[in-house]
Amino acid sequence: MTAAADAGYEVRRHDVGVEPPPGDGFDLVHARLVLVHVPQRAAALATMISALRPGGWLLVEEADPMMQPLVCPDESGPAQRLANKLKRDFRTLMAQRGVDLSYGRTLPRLLRGAGLVDVEADAFFPITGAACTLLEQATVAQIRDRLVAAGLATNEEVDRHLGNVAAGLLDLATSPMISAWGRKPA
C-alpha cells in the first residue's frame with residue numbers, strides 16, 4: 001500500500017466503530033470481514049454510508065457461518081464429525097464475544113434500509129481447496145488456546161483435527177461470504 005499515492009488513491013486507517021469518517025467523502029467505501037467484529041456495527045455501517053459522496057458505492061463483505069455451519073458438509077466419518085464439532089465450538093466462542101453469526105445475510109436489507117439504491121448481493125461458498133485448508137489451519141491455530149481454556153475442546157482433539165487437515169483427509173468448506181453493495185443516491 002506504500003505506492004498508493006502514485007496509483008491515484010489514498011489509504012487511511014481509523015476505528016470505524018467510534019471515529020467519524022475521515023476526509024470529505026469517498027466514491028467507494030469497502031469493508032471486508034470488519035463489521036461482524038465491531039460491537040457498534042450499526043453505528044459503523046451508518047458512518048461508512050455517511051462517508052459516501054452522492055453517487056458513491058459501498059461494498060460490504062461478511063461471512064455468514066450460520067447459513068452453512070459445517071466445515072465438512074459431507075460428514076462421512078469420525079474425522080469429519082470432529083471437524084464439525086470444533087467448528088461448532090468456534091462459533092460458540094465467537095457468539096460469546098458478541099459476533100453476529102448471521103450478519104452477512106442481513107446486508108442487503110440493511111443497505112436498502114439506510115437509503116442506498118441499486119442494492120445487490122451475492123455469496124461465495126468454496127468447498128475444498130488449498131485456500132480452505134489454509135484458512136482452517138490458521139483459524140484453529142489462532143483459537144486453539146481459547147477452545148481448550150473454555151473446555152470446549154481438548155488439545156488431543158485439536159491435534160487430531162490438524163493432523164487430519166494436513167493429511168488431506170477432509171473436504172473443507174468456508175462459511176459463505178456475502179458481498180453486498182449499494183449506491184448513495186446522487
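Two strands count as paired if DSSP finds at least two bridges between them. The exercises below apply this and related criteria to a predicted model.

**Exercise 1. Determine in which sense strand 1 and strand 2 pair, and which residue stands opposite Ala-31.**

Solution.
Step 1. Locate the two elements: strand 1 covers residues 26-32, and strand 2 covers residues 52-63.
Step 2. Apply the criterion. Pairing requires at least two bridges, and these strands are joined over 6 bridges, in the parallel sense.
Step 3. Identify the partner of Ala-31: Val-60 in strand 2 stands opposite this residue.
Step 4. Add the connection. Together with helix 2 (residues 41-50), strand 1 and strand 2 make a β-α-β unit, which is right-handed.

**Exercise 2. Describe the span of helix 3, its buried residues and what covers them.**

Solution.
Step 1. Compare the span with expectation. Helix 3 (residues 78-96) has 19 residues and reaches 27 Å from its first C-alpha to its last, close to the 27 Å expected at 1.5 Å a residue.
Step 2. List buried positions, for which the relative accessible area must be under 20%. Among them in helix 3 are Ala-79, Leu-82, Ala-83, Leu-86, Phe-90, Leu-93 and Met-94. Polar or charged residues of the helix are also buried, including Gln-80, Asn-84, Lys-87, Asp-89 and Arg-91.
Step 3. Consider the helical repeat. An α-helix has 3.6 residues a turn, so residues three or four places apart point the same way.
Step 4. Name the cover: helix 5 (130-149) and helix 6 (155-166) are included in what covers the buried residues of helix 3.

**Exercise 3. For Gly-98, Leu-33 and Thr-128, establish the phi angle, the place in the chain and whether the residue is buried or exposed.**

Solution.
Step 1. Begin with Gly-98. Just after helix 3, Gly-98 takes a positive phi of about 90 degrees, in the loop between helix 3 and helix 4 (107-113). With a relative accessible area of 43%, Gly-98 is partly exposed.
Step 2. Turn to Leu-33. This residue is not a glycine, yet has a positive phi of about 55 degrees. Leu-33 lies in the loop between strand 1 and helix 2, and is partly exposed at 38% relative accessibility.
Step 3. Treat Thr-128 likewise. Thr-128, also not a glycine, has a positive phi of about 75 degrees. Its loop runs between strand 3 (117-124) and helix 5, and Thr-128 is partly exposed at 43% relative accessibility.

**Exercise 4. Find the ring over whose face Arg-41 lies.**

Solution.
Step 1. Arg-41 lies over the face of Tyr-103, at 5.6 Å from the ring centre.
Step 2. The cut-off for this distance is within 6 Å.

Technical notes
Residues numbered from 1 in each chain as written. Predicted model: local features only at pLDDT ≥ 70, side-chain atom pairs only at ≥ 80, totals over all residues. Heavy atoms only, no water. Helix = DSSP H or I, 4+ residues; strand = E, 2+ residues; numbered from the N terminus. Right-handed = clockwise from strand over helix to strand, strands pointing away. Lys NZ or Arg CZ within 6 Å of the ring centre and 35° of its normal. Expected span 1.5 Å × (residues − 1). Buried < 20%, exposed > 50% of the residue type's maximum accessible area, 1.4 Å probe, protein only. Contact = heavy atoms within 4.5 Å.
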